[in-house]
Amino acid sequence: MSGPTERLAAWLVETSFDDLPKPTVLAVRRAALDTLGCVLAGAAVPECERLAGALAPLGSAATSTVVGRRQRLAAPWAAMVNATAGRALDMDDLYEPGQVHASVAVFPVGLAVAEALERPITGRELVAATATAVELLARLSIAPEQDSNVTGLSHTYHCGVFAAAAATARLLG
């Protein structure tokens with residue numbers, strides 16, 4: 001008999017684009033556009049510019065786009081800069097029950113990984129990876145007994161890392 005972790009992992013891996021309800025697909029597409037807009041707006045924030053500059057000499061092949069700049073970085077660094085830019089102006093979406101900025105924790109990672117892979121990633125694959133990872137993040141963010149406003153710990157960051165890893169693992173195959 002499989003436990004909850006195994007069932008969750010199977011759901012994350014086995015849920016296909018065709019399994020997603022149409023409203024979910026539309027919501028993910030809207031959230032991706034919203035997140036991209038937030039990243040673009042935040043790209044000019046001086047701290048984001050400094051971060052992109054500091055990370056440029058690090059890492060391996062510059063495979064992934066830094067939104068709003070004529071720059072590519074290794075996938076982990078591009079994801080970091082884009083996620084930072086997406087949060088910089090605090091305009092990104094919020095899942096209120098978990099007090100988590102879900103899309104910015106997942107979409108920049110999915111975009112960077114998709115660009116870095118040697119095989120093409122379809123929009124359907126990216127939507128499915130993003131939808132399942134955001135669902136994971138939403139569920140993780142409501143699990144703690146104390147609200148993030150009480151603990152001072154941001155669910156976006158301490159839960160978002162698991163969602164980002166789930167999206168990455170799914171895209172890596």
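**Exercise 1. Determine whether Asp-90 is buried or exposed, and describe its backbone.**

Solution. Asp-90 is exposed, because its relative accessible area is 52%, where exposed means over 50%, buried means under 20% and partly exposed lies in between, with a 1.4 Å probe and protein chains only. As for the backbone, the phi of Asp-90 is near 55°, a positive value in a residue other than glycine. Asp-90 sits in the loop between α4 (75–88) and α5, where helices (H or I, at least four residues) are DSSP runs, as are strands (E, at least two), numbered from the N terminus. The model is a predicted one, in which local features need pLDDT of at least 70 and side-chain atom pairs count only at pLDDT 80 or more, while totals for chains, interfaces and linings use all residues. Residues are numbered from 1 along each chain as its sequence is written, and side-chain values use heavy atoms, with hydrogens and water left out.

**Exercise 2. Find where Gln-99 lies, and state its phi.**

Solution. Gln-99 is placed in the loop between α4 and α5. Although Gln-99 is not a glycine, its phi is positive, at about 50°. Gln-99 counts as partly exposed, because its relative accessible area is 26%.

**Exercise 3. Describe how helix α5 packs with helix α6.**

Solution. Begin with the geometry: α5 (residues 102–116) and α6 (residues 123–141) pack at an angle of about 145°, and their axes are 9 Å apart. Here axes are lines fitted to C-alpha atoms, for helices over the stretch in contact, and angles run from 0 to 180 degrees between N-to-C directions. Next take the residues, with contact meaning heavy atoms within 4.5 Å: on the α5 side they include Ala-102, Phe-107 and Leu-111, and on the α6 side they include Leu-126, Ala-133 and Leu-137. By class, this contact of α5 with α6 has nine nonpolar, two polar and no charged residues, where Ala, Val, Leu, Ile, Met, Phe, Trp, Tyr, Cys and Pro count as nonpolar, Asp, Glu, Lys and Arg as charged, and the others, Gly among them, as polar.

**Exercise 4. State which residues line the largest cavity, and which element gives the most to that lining.**

Solution. On a 1 Å grid over the protein atoms alone, a cavity is a set of points where a 1.4 Å probe fits but cannot get out, whereas a pocket is an open set with protein on both sides within 12 Å along at least five of seven lines; lining residues have an atom within 4 Å of a point. The largest cavity holds about 30 Å³ of space, a volume being the space filled by probe spheres set on the grid points, which are joined across faces, edges and corners. Its lining is made by Leu-36, Val-39, Val-67, Asn-82, Phe-107, Pro-108 and Leu-111. The element that gives the most to this lining is α5, with three residues. By class, the lining of the largest cavity divides into six nonpolar, one polar and no charged residues.

**Exercise 5. Describe the volumes and linings of the largest and second largest pockets.**

Solution. The largest pocket contains about 300 Å³ of space. Among its 17 lining residues, Ala-31, Asp-93, Ala-102, Ser-103 and Val-134 are the closest to the centre. Helices α2, α5 and α6 each supply at least two residues of this lining. The second largest pocket has a volume of about 250 Å³. Of its 13 lining residues, the closest to the centre are Ala-83, Val-104, Ala-105, Thr-156 and Tyr-157. The most is given to this second lining by α4, with five residues.
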